[in-house]
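Student: Please take a close look at one part of this model, the strand that contributes to a nonpolar surface patch, and then go on to the charged pairs.

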Amino acid sequence: MGVSMILANEQLLQAYQSIILSIYNEIIVTDKQGMILFRSGKLQNFWSTNTTSLQGRMFTELEEISFFGDPILKLLKSEVHSLQLKAWNGSHILITVFTSNHAGEELIIWGLKSISDHVIEPMELSDDTNTQQTSPIVVHSPKMKEVLHTIEMVSKVSTTVLLLGESGVGKEMIAKTIHQLGNRSSKPFIAVNCGAIPENLLESELFGYVGGAFSGANKNGAPGKFELANEGIIFLDEVAEMPLNLQVKLLRVLQEKEVTPLGSSKPIHVDVQIIAATNQSLEKMVREGRFRQDLYYRLNVVPIEIPSLRERTEEIPYLIYHFIAKYNTLYQRNIHILPDAIDLFCIYDWPGNVRQLENTIERIVVTSKELNVDSKLIHHYLPWKKTEIEEPPIVHQIMPLQEAVDLIEEQLINMAMEKYKSVKLAAKVLDISQPTMSRKYKKIREKLQQAVLSPSNKRQILEQHLNKQLRSMAIVTSAVILPEEITELVNNSSISTSTPTYKKVQEKLTKIREQEGIIEWVYIFKPVDYNKFLTIVADEDFIIPVGHTYEGPSEMMKVAFEAMNGKPGVTPLYKDIYGEWKTSFAPLTDHTGKVLAIIGFDHTRSYIETELKKIENMLKTH
């Protein structure tokens, strides 16, 4: 090739490069594994690295210290793919990825462009109590995704919900989200902190009073919170703090849908959905006589356990980003939390949960003298406690010293990865380098891979995921059967299919089957002895006639009788004379909380196999 040809090719290459850089701020070329081969242009003040040359480094390594979320290589599904990502420093970057094949070698071309000045934020759930800010629920962990799935289901019905979790996890935010997603969103949302109102005022605050009901009362009286929440939702926070005498009145509201104002004998009908919340164990309080058992059963229709911040550390960076943006705007500041500081936040235990995190971020925004807050500064804002080891690990038998060291090391690595879900964070908390952590964890995974991913174990893992979904569906859907309906059906000595209650319940069950589209049959059983159930009502297509008994295989009957004892559950796949099934059972109770019958949802084997395949694809277990 002549000199003139070489110069022409170089000029052509420079022209192409100039054209691309007129569109993007920076171009990076990597191999298919993500190793950087070439770089041109530069995003100003972006990459969190002191290295002047990026060549030879892994693009995924740069991503981890610069962006939220999973590595982009995992997300690629086509030859050209564009993503808008938020960076730790608050900027927004548009990344367009092209794949190319050069001389038989697959290359990936990354075009990066800063779009911070004209980014459009996605719509978030609004917090009606604060018009200045939006209040999104941050959902980036499996546990919070389960919570979100459940609240989406309960928002469709008017069932009673009990929110459980430590102080500061966001129970009121969850309650507001149920309100915003549901049919009552245009109606009032009234929040009451039962622990913050003096006992002598709580009754009139909740149920209202008439004129002259007590000394100092308004002569015209005043409506209570239940009246104000009519057709909407009332949120009873710290419900465990409610005194026993008021628990009786609350039970009446739940059962009769009416309140009686203080000083009056005339009840007022209210249509209110109740969401209660507590950070205490109501079961323990019932055993100790500090909380009424019948009220506990009426509140505990759909319990939702909200995980602590320690159990969802992957959401901490997103929460930090949200709170920094919120308080920078509120106080007109421009504080940035650097990646090493975010790592420190992620390995802190947060005993005060999301509330403590938000308060810490607000304090940093208000008081920080530095615009860029790093890990050294963070130490001044968090009350660090040194972990004290009370006694050394117990070894029950003599073994080679190195084997013992390896065993303890493996346990620590597994504990760190289980808690932080990140090699980077686990390495920080264990005080080892990230490459060392990656190598050791890879070795542990390879050691366990054969056992964990054996066909029988893989099937068990997938079924556990499916069972959680079916159990949640059974619990929530069972709420459509009212206590008075099940009481009437169960207590009738002879079952009549012509009664209005029977027809009403049958229509409900048929509608459930048709709407869900994944259920073969829906039915309600009551036990007749220790090994048989009687069909008292079912959907229109149910194969067992009403009034006939059913005795199934032992594995199915075991779960059914556990449901009669108050424990919802899902059977393994079983076979009877009608086919092969997986059934989810939930208890049905009267007004006192006593279980009278169970509701069953049958799913065919073909549906189960299809769902397991979907979950397998979703979890990428294959």
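Tutor: Leu37 sits in strand β2, which covers residues 36-41. The model is a predicted one. With a relative accessible area of 34%, Leu37 is partly exposed. Together with Met35 and Phe38, Leu37 makes a nonpolar surface patch of about 240 Å². Residues enter such a patch with over 30% relative accessible area, and Leu37 has 34%.

Now the charged pairs. Side chains of opposite charge can pair when their charged atoms come close. The structure contains 22 salt bridges. One of them joins Arg184 and Asp271, whose closest N and O atoms are 2.9 Å apart. This pair links distant parts of the chain, 87 residues apart. Arg184 belongs to the loop between α5 (171-181) and β7 (189-193), while Asp271 belongs to the loop between β10 (268-269) and β11 (273-278). Buried means under 20% relative accessible area, so Arg184, at 11%, counts as buried. Asp271 is partly exposed, with a relative accessible area of 36%.

Another salt bridge is formed by Glu231 and Lys187, with 3.3 Å between the closest N and O atoms. Glu231 lies in the loop between α7 (225-228) and β8 (233-237), and Lys187 lies in the loop between α5 and β7, so the pair ties together parts that are 44 residues apart in sequence. Glu231 counts as partly exposed at 38% relative accessibility. Lys187 also counts as partly exposed, at 36% relative accessibility.

The next pair is Arg312 with Glu315. Their closest N and O atoms are 3.2 Å apart, and the two residues form a salt bridge. Arg312 has 4% relative accessibility and therefore counts as buried. Glu315 has 0% relative accessibility, so Glu315 counts as buried too. Salt bridges can also share partners: in this way Arg513, Glu514, Asp539 and Asp541 are joined into one network.

To go back over the pairs in the structure: Arg184 is buried and its partner Asp271 is partly exposed. In the pair of Glu231 and Lys187, Glu231 is partly exposed, and so is Lys187. In the pair of Arg312 and Glu315, Arg312 is buried, and so is Glu315. For the patch, the residues to find are Met35, Leu37 and Phe38.

Conventions
Residues are numbered from 1 along each chain as its sequence is written. This is a predicted model: local features need pLDDT of at least 70, side-chain atom pairs count only at pLDDT 80 or more; totals for chains, interfaces and linings use all residues. Side-chain values use heavy atoms; hydrogens and water are left out. A salt bridge is a side-chain nitrogen of Lys or Arg within 4 Å of a carboxyl oxygen of Asp or Glu. Helices (H or I, at least four residues) and strands (E, at least two) are DSSP runs, numbered from the N terminus. Buried means under 20% relative accessible area, exposed over 50%, partly exposed in between (1.4 Å probe, protein chains only). Patches are made of residues with over 30% relative accessible area and no salt bridge: like charges are joined within 9 Å, nonpolar side chains (Val, Leu, Ile, Met, Phe, Trp, Tyr) within 5 Å. Accessible areas come from the Shrake-Rupley method with a 1.4 Å probe; for residues, only the protein chains shown count as cover.
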